[in-house]
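Student: I would like to go through this model term by term, and to see for each label how a computed value leads to it. Could we start with the criterion that the opening example needs?

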Protein chains: 2
Amino acid sequence: MSKKASKSVIKRLPVYLRVLDNLIRRDVEIVSSRVLSEETGFTAEQIRKDLAHFGAFGTRGTGYNTDYLRGKLLRIIGLDRQTKLVVVGAGLLGKALTRYNMLKNPYVEIVGIFDANPAEAGHEIGSLKIRPVGEMPAVIKEQQVKVAMVSVPAEFAQQVVNDLVGIGITAILNFAPTKLKVPEGVHVHNADLTNELQSLIYYVMQDENKQLSKLH
Amino acid sequence: MSKKASKSVIKRLPVYLRVLDNLIRRDVEIVSSRVLSEETGFTAEQIRKDLAHFGAFGTRGTGYNTDYLRGKLLRIIGLDRQTKLVVVGAGLLGKALTRYNMLKNPYVEIVGIFDANPAEAGHEIGSLKIRPVGEMPAVIKEQQVKVAMVSVPAEFAQQVVNDLVGIGITAILNFAPTKLKVPEGVHVHNADLTNELQSLIYYVMQDENKQLSKLH
DNA sequence: CCGACTGTGTTAATATATTAACAAGGTTGC
DNA sequence: GCAACCTTGTTAATATATTAACACAGTCGG
């Protein structure tokens, strides 16, 4: 354990958490790194090493107690208390993100979804009303929200983010296909869906070229 | 150049492409690795190295011709011909993905969006009608589609993917929060939006803990 | 045409991440 | 309570990725 965990490790923790949630739902009480490997796609060695960064959570000869490990992971990631967040941009993607997290992600609480288009305001997603962006600062300040998901068109993203940072947001999950400039200390994770698709296409094309060259 | 490019490099190529598209739209003809660095967030050294994997595309003392480099990147990624793809699952996310790519991603052509729910069938996204999944095999086979985006609920994802692979799909962008089992040779990229959010929260909590410990 | 400058492409050095190997701890059956 | 068997946690070896350094090629002003 001890020395700080690297980015790659942190990215895998939520995967472990999800698998544990599923195992617990199926009343599995003990799990080995090998089974976790099958469920996650990462190697068993890597999983053991990842977990060892934060402590010794398993029992030699047996494996990991699912419930106990889940609790530890929640604490490590910081999900042991519900994180409040807002969604900016109530297009199809913003709505999808909001509804999905409300229904399926118990570790976060969406306290507001906002849109610049007044026509959207008033529409409901689950029990949550879409509100005009003008009301956003008050909500974020009052509830001391730190995390925002941004799903506005690329051309508005930087301005929106400037505003968010100005009223106390320190972490942004950015779905707009654009590089955001933020002050030191503000975290931005980019979730550019087009990039994922395009790099996937690279591998498809590699295969096709390989097939073609075999014909010679 | 020569020896094959690594995954990390491939993931950055679409970012370069997007930035180049933007520069060309603004009639910028020449760009240096330093400017690309500002626009992408990657270091200039890394950008030069990435591009050098595939050839020498720049001019020393000057920089890169935007139009020329864009053409090279398209060819490298495999986007020089429109890639056909299907979307399976016409929930909010599936609709968002479909509409976004139809409007903003000229490098792919969505040839069908399918949903198991008959109530969805007939609804239109842009000019594309949502169709029942029963019609999916015919479309994929006739048009020889190789790439699919899967945005169905997690519990159906594996079955859907089995079907897709059976009718010729070799690359899948998976939005369902589940590990997919696929035969050798089929590419799966996972775009789990919850994971991104949760690892972001990790960093927020790290900061907050740091703040707290400062008070002592 | 020459010297100062700019920015690429390549090679070397460093850091990060993954894989492998194994010792130590724990369990189970007899 | 001992022997055979598991599975973790740790340390060592390997591979990948990033950063730094710089030689080389081209431009520009005079």
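Tutor: A charge sits over a ring if NZ of Lys or CZ of Arg is within 6 Å of the ring centre and within 35 degrees of the ring normal. Please keep in mind that this is a predicted model.

Student: What makes the charged end of Arg12(B) count as sitting over the ring of Phe42(B)?

Tutor: The charged end of Arg12(B) is 5.7 Å from the centre of the Phe42(B) ring, and the limit is within 6 Å, so the distance condition is met. In chain A, the charged end of Arg12(A) sits over the ring of Phe42(A), and there too the distance to the centre is 5.7 Å.

Student: How many aromatic pairs does the structure hold over all chains, and why is the pair of Tyr202(B) and Tyr203(B) called by the name it has?

Tutor: There are 4 aromatic pairs over all chains. One of them joins Tyr202(A) and Tyr203(A), with 5.1 Å from centre to centre and 90 degrees between the planes, and it is edge-to-face. For Tyr202(B) and Tyr203(B) the centres are 5.1 Å apart and the planes stand at 85 degrees; since rings pair with centres within 6.5 Å and planes over 60 degrees apart count as edge-to-face, this pair is therefore edge-to-face as well.

Student: Is Tyr202(A) buried or exposed, and how do you know?

Tutor: Tyr202(A) has a relative accessible area of 7%, and buried means under 20%, so Tyr202(A) is buried. The value for Tyr202(B) is likewise 7%, and Tyr202(B) is buried too.

Student: Which label does Thr40(A) receive for its accessibility, and why?

Tutor: Thr40(A), which lies in helix α2 (residues 33-40) of chain A, has a relative accessible area of 7% and is therefore buried, the threshold being under 20%. Leaving aside residues up to four places away in sequence, Thr40(A) touches Val15(A), Tyr16(A), Val19(A), Ile47(A) and, from chain B, Lys179(B).

Student: What makes the approach of the Thr40(A) side chain to Phe42(A) a polar contact?

Tutor: The side chain of Thr40(A) reaches the backbone nitrogen of Phe42(A) at 3.2 Å, and because the distance limit for a polar contact is within 3.5 Å, this value satisfies the limit.

Student: Why does Asn174(B) count as buried, and which polar contacts does its side chain make?

Tutor: Asn174(B), placed in strand β9 (residues 171-174) of chain B, has 0% relative accessibility, so it counts as buried. A polar atom of the Asn174(B) side chain lies 2.9 Å from the backbone nitrogen of Ala176(B), and the side chain also makes a polar contact with that of Asn190(B) at 2.8 Å. With residues up to four places away in sequence left out, Asn174(B) touches several residues, among them Val150(B), Leu180(B) and Val188(B).

Student: Turning to the DNA, which residues come nearest to strand D, and what makes the approach of Ser33(A) to that strand a polar contact?

Tutor: Among the 23 residues around DNA strand D, those that come nearest are Ser33(A), Gly58(A), Ser6(B), Ser8(B) and Arg60(B). A polar side-chain atom of Ser33(A) is 2.6 Å from a phosphate oxygen of DNA strand D, and because a polar contact requires N or O atoms within 3.5 Å, this pair qualifies. Phosphate oxygens of DNA strand D also lie 2.8 Å from a polar side-chain atom of Ser8(B) and 3.0 Å from one of Arg12(B). By class, the surface near DNA strand D has 13 polar, 7 charged and 3 nonpolar residues, and α3(B) supplies its largest share, 3 residues.

Student: Which residues come nearest to DNA strand C, and which parts of that strand do Gln46(A), Gly58(B) and Arg60(B) approach?

Tutor: Of the 25 residues around DNA strand C, Ser6(A), Ser8(A), Arg60(A), Ser33(B) and Gly58(B) come nearest, and 66% of the strand's atoms within 4 Å of the protein belong to sugar and phosphate. A polar side-chain atom of Gln46(A) lies 3.2 Å from a phosphate oxygen of DNA strand C, and a polar backbone atom of Gly58(B) is 2.8 Å from a phosphate oxygen. For Arg60(B), a polar side-chain atom lies 3.0 Å from a sugar or linking oxygen of DNA strand C.

How values were computed
Residues numbered from 1 in each chain as written. Chains lettered and ligands numbered in written order. Predicted model: local features only at pLDDT ≥ 70, side-chain atom pairs only at ≥ 80, totals over all residues. Heavy atoms only, no water. Phe/Tyr/Trp six-rings, centres within 6.5 Å; stacked < 30°, edge-to-face > 60°. Buried < 20%, exposed > 50% of the residue type's maximum accessible area, 1.4 Å probe, protein only. Near = heavy atom within 4 Å. Polar contact = N/O pair within 3.5 Å; in protein donor to acceptor, adjacent residues only side chain to side chain. Helix = DSSP H or I, 4+ residues; strand = E, 2+ residues; numbered from the N terminus. Nonpolar A, V, L, I, M, F, W, Y, C, P; charged D, E, K, R; others polar. Contact = heavy atoms within 4.5 Å.
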